[in-house]
Amino acid sequence: MTGRAPVAILGSTGFIGGRLHQWLGERGHETIGWTSRDCDLTDALTVKQKLAGLPQGVHLIMCSTVNRSVEDSYRAMGRNLLMAENLVDGAPRGRIAGLTFLSTVDVYGHAPLCPITEQTAPRPMNYYGIGKLASEHLLRRPEAIDCPVTVLRLPGVYGPGDRQRSIVGTFLNRIVEGQEIVLYGDGSVLRDYIEVDDVCRIAAALLDDPRDRLLNLAKGESLALRAVIERLARVARRPARLTMREAAANAAGDLVFDNAALRAAVPGLAFTSLEDGARRYLAALA
């Protein structure tokens, strides 16, 4: 017995969910991992039955999603909303200590006013962002679920196991393979990427203090895409084959975050540098 409340991870074979399952288990948490085969969150009866069997005081972390990199469509949005609604309807009262829902900074749209805070008005521009924002509301509406709900809005998360679906992973893989990287515009658009183990550290810290809250998971240190590529190339010790093309009229703007709320919620938080994250990624590629 660890003395810690058990944690059930919904979507435990996905990139982030899989790493959370492993990371928490390595640090003494009793973890329960559910895949879509174990619990199809689009099936209301299955969800209700599975949740009823969870131990008292369990924490839920909902990682299950149809990711934008896989499918960004009305149909995918509907599946994501259905999963959230079934979780609300199936959650047994008095049994769950807290729910952590992994959302996305896509809820802010393509060109939000910067710096972005938790008070920035959402303006999602794709089905994925719309679905995540609506899911947040489904889970957080009054008396929807009988426990505190923590919503974590994630930026670009990268790390071993992302199958080169992240921007950082894509860039690194192309540099290593000597493939072309195409940038639209002058490469000055700003982005804030976070390593997957930082997500795990933050999620774990917040488990000890379940409450209703909304946090942007961002380092608060944005880099121009061209600078990101230059740093990755230095770590890989290989040149980047960079091609510049004209940006579209509706190209996405900067993403710059004020992460004061996150730092207040997790005192002493230290983030993985892009260079250290890239080294860990490259070691996994080898």
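Is Cys-39 buried or exposed? Cys-39 is buried, since its relative accessible area is 5%, and a residue counts as buried under 20%. The points below concern a predicted model.

1. Cysteines. The count of disulfides in this model is zero. Cys-39 takes part in none, and the nearest cysteine sulfur, which belongs to Cys-63, is 13 Å away. A pair of cysteine sulfur atoms would have to lie within 2.5 Å to be counted, so the sulfurs of Cys-39 and Cys-63 do not qualify. Cys-114 counts as partly exposed, with 38% relative accessibility.

2. A cis peptide bond. Cys-114 also appears in the backbone geometry: the peptide bond that runs from Cys-114 to Pro-115 is cis, and its omega is near 0°. Pro-115 sits in the loop between β4 and α4. Most peptide bonds are trans.

3. Glu-118, in the loop between β4 and α4. The strand before this loop, β4, covers residues 96-104, and Glu-118 is found between β4 and α4. Glu-118 is buried but has no salt bridge. For Glu-118, the nearest side chain of opposite charge is that of Arg-153, 7.6 Å away. A salt bridge needs a nitrogen and an oxygen within 4 Å, so Arg-153 does not serve as a partner for Glu-118. There is a polar neighbour on the backbone side: a polar atom of the Glu-118 side chain lies 2.8 Å from the backbone nitrogen of Asn-216.

4. Asn-126, in the loop between β4 and α4. Asn-126 belongs to the loop between β4 and α4. Asn-126 is buried, at a relative accessible area of 13%. Its side chain makes a polar contact of 3.3 Å with the side chain of Asp-106.

5. A nonpolar surface patch. Which residues form a nonpolar patch on the surface? They are Tyr-74, Tyr-127 and Ile-130, and together they have about 320 Å² of accessible area. Ile-130 is part of helix α4, which spans residues 127-140. The relative accessibility of Ile-130 is 36%, so Ile-130 counts as partly exposed.

6. The salt bridge between Asp-197 and Arg-19. How many salt bridges does a search of the whole structure find? The search finds 14. One of them joins the side chains of Asp-197 and Arg-19, with an N to O distance of 2.6 Å. This pair ties together parts that are 178 residues apart in sequence, because Asp-197 lies in helix α6 (residues 196-207) and Arg-19 lies in helix α1 (residues 15-26). Asp-197 is buried at 9% relative accessibility, and Arg-19 is buried at 14%.

7. The salt bridge between Arg-141 and Glu-85. Here the closest N and O atoms are 3.5 Å apart. Arg-141 is in the loop between α4 and β5 (149-154), while Glu-85 is in helix α3 (residues 74-90), so this salt bridge connects parts that are 56 residues apart in sequence. Arg-141 is partly exposed, with a relative accessible area of 32%. Glu-85 is also partly exposed, with a relative accessible area of 23%.

8. Arg-211 and Asp-209, and a network. The side chains of Arg-211 and Asp-209 meet in a salt bridge with an N to O distance of 2.6 Å. Arg-211 is partly exposed, its relative accessible area being 43%. Asp-209 is partly exposed at 33% relative accessibility. Elsewhere, salt bridges with shared partners join Arg-19, Glu-195, Asp-197 and Arg-280 into one network. The pair in point 6, Asp-197 and Arg-19, belongs to this network.

9. Positive phi angles. Most residues other than glycine have a negative phi. Glu-143 has a positive phi, near 65°, and is not a glycine. Glu-143 is placed in the loop between α4 and β5, and is exposed, with a relative accessible area of 73%. Arg-237 is also a residue other than glycine with a positive phi, about 60°. Arg-237 is found in the loop between α7 (225-236) and β12 (241-245). Arg-237 is exposed, with a relative accessible area of 77%.

Key: Residues are numbered from 1 along each chain as its sequence is written. This is a predicted model: local features need pLDDT of at least 70, side-chain atom pairs count only at pLDDT 80 or more; totals for chains, interfaces and linings use all residues. Side-chain values use heavy atoms; hydrogens and water are left out. Buried means under 20% relative accessible area, exposed over 50%, partly exposed in between (1.4 Å probe, protein chains only). Patches are made of residues with over 30% relative accessible area and no salt bridge: like charges are joined within 9 Å, nonpolar side chains (Val, Leu, Ile, Met, Phe, Trp, Tyr) within 5 Å. Accessible areas come from the Shrake-Rupley method with a 1.4 Å probe; for residues, only the protein chains shown count as cover. Helices (H or I, at least four residues) and strands (E, at least two) are DSSP runs, numbered from the N terminus. Lys and Arg count as positive and Asp and Glu as negative; His and the chain ends are not counted. A polar contact is a pair of N or O atoms within 3.5 Å; within protein, one must be able to donate a hydrogen and the other to accept it, and residues adjacent in sequence count only if both atoms are side-chain atoms.
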